[in-house]
Amino acid sequence: MTLQNDRKYTSSHEWLLDLGNGVFRVGLSDFAQHALGDIVFIDLPQVGDSVTAESSMGDIESVKAVSEVLSPVSGTVSAVNETLSAAPESINADPYGAWLIEVTNATGFAALMDAGDYEAFCANA
């Protein structure tokens with residue numbers, strides 16, 4: 001499992017990256033994509049939608065199962081990675097490059113872990 005130290009992580013295996021200027025990028029961790037297996041479909045919110053921390057913001061379908069994606073923070077969706085609709089498997093190839101959405105007006109950071117805490121969490125999962 002690879003981790004990026006510039007991100008925060010959730011217990012449901014999403015990551016959050018602060019892009020600056022109040023914009024936060026959301027994606028799935030390497031641990032999550034590995035557990036899911038080959039990803040074949042993704043359903044994400046639309047620009048302008050609200051997301052709520054620790055609540056469903058979409059679904060990911062793999063050859064193994066369909067799983068909910070939980071938002072790491074509350075806020076407003078300001079961008080959606082449209083390339084994932086045609087190439088959802090890019091999450092498997094590059095989980096830290098293949099982001100899902102970007103969020104502004106973000107709140108609710110309390111439940112996030114740094115890379116070290118997340119690594120320990122995964123080791124006990």
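# A tour of the predicted model

Begin by selecting Val40, which is partly exposed, with a relative accessible area of 44%. The model on the screen is a predicted one, and every stop below should be read with that in mind. Val40 sits in strand 4, the run of residues 39-43. Add Phe41 and Val63 to the selection and show the surface: together with Val40 they make up a nonpolar patch whose accessible area is about 290 Å² in total.

Next, turn to the charged side chains. Side chains of opposite charge can pair when their charged atoms come close. How many salt bridges does the model contain? The count comes to 2 salt bridges, and each can be visited in turn.

For one of them, select Asp6 and Arg7 and display their side chains, whose closest N and O atoms are 2.9 Å apart in a salt bridge. Are the two partners buried or exposed, wholly or in part? Asp6 is partly exposed, at a relative accessible area of 47%, whereas Arg7 is buried, because its relative accessible area of 8% falls under the 20% limit.

For the other, select Arg25 and Glu102, where the N to O distance in the salt bridge is 2.4 Å. Arg25 belongs to strand 3 (residues 23-28) and Glu102 to strand 9 (residues 101-107), so this pair ties together parts that lie 77 residues apart in sequence. Colouring by accessibility shows Arg25 as partly exposed, at 22% relative accessibility, while Glu102, at 11%, counts as buried.

Now move from side chains to empty space, and look for the largest pocket, which holds about 150 Å³. Which residues should be selected to find its centre? Of the 13 residues in its lining, Ser12, Ala32, Leu36, Ser67 and Glu68 are the closest to the centre. With the cartoon displayed, follow helix 1 (30-36) and strand 7 (66-70), each of which supplies at least two residues of the lining of this pocket. If the lining is coloured by residue class, 8 of its residues are nonpolar, 3 are polar and 2 are charged.

The last stop is Leu84, which is found in helix 2, covering residues 83-86. Leu84 counts as buried, with a relative accessibility of 1%. To finish, select Leu112 as well and draw a distance between the two C-alpha atoms: Leu84 and Leu112 are separated by 28 residues in sequence and by 25 Å in space.

Methods. Residues numbered from 1 in each chain as written. Predicted model: local features only at pLDDT ≥ 70, side-chain atom pairs only at ≥ 80, totals over all residues. Heavy atoms only, no water. Patch = residues over 30% accessible without salt bridge, like charges linked within 9 Å, V, L, I, M, F, W, Y side chains within 5 Å. Areas by Shrake-Rupley, 256 points an atom, 1.4 Å probe, with all protein chains shown as cover. Salt bridge = Lys/Arg side-chain N within 4 Å of Asp/Glu carboxyl O. Helix = DSSP H or I, 4+ residues; strand = E, 2+ residues; numbered from the N terminus. Buried < 20%, exposed > 50% of the residue type's maximum accessible area, 1.4 Å probe, protein only. 1 Å grid on protein atoms, 1.4 Å probe; cavity = no way out; pocket = protein on both sides within 12 Å on 5 of 7 lines; lining within 4 Å. Points joined across faces, edges and corners; volume = space filled by probe spheres on them. Nonpolar A, V, L, I, M, F, W, Y, C, P; charged D, E, K, R; others polar.
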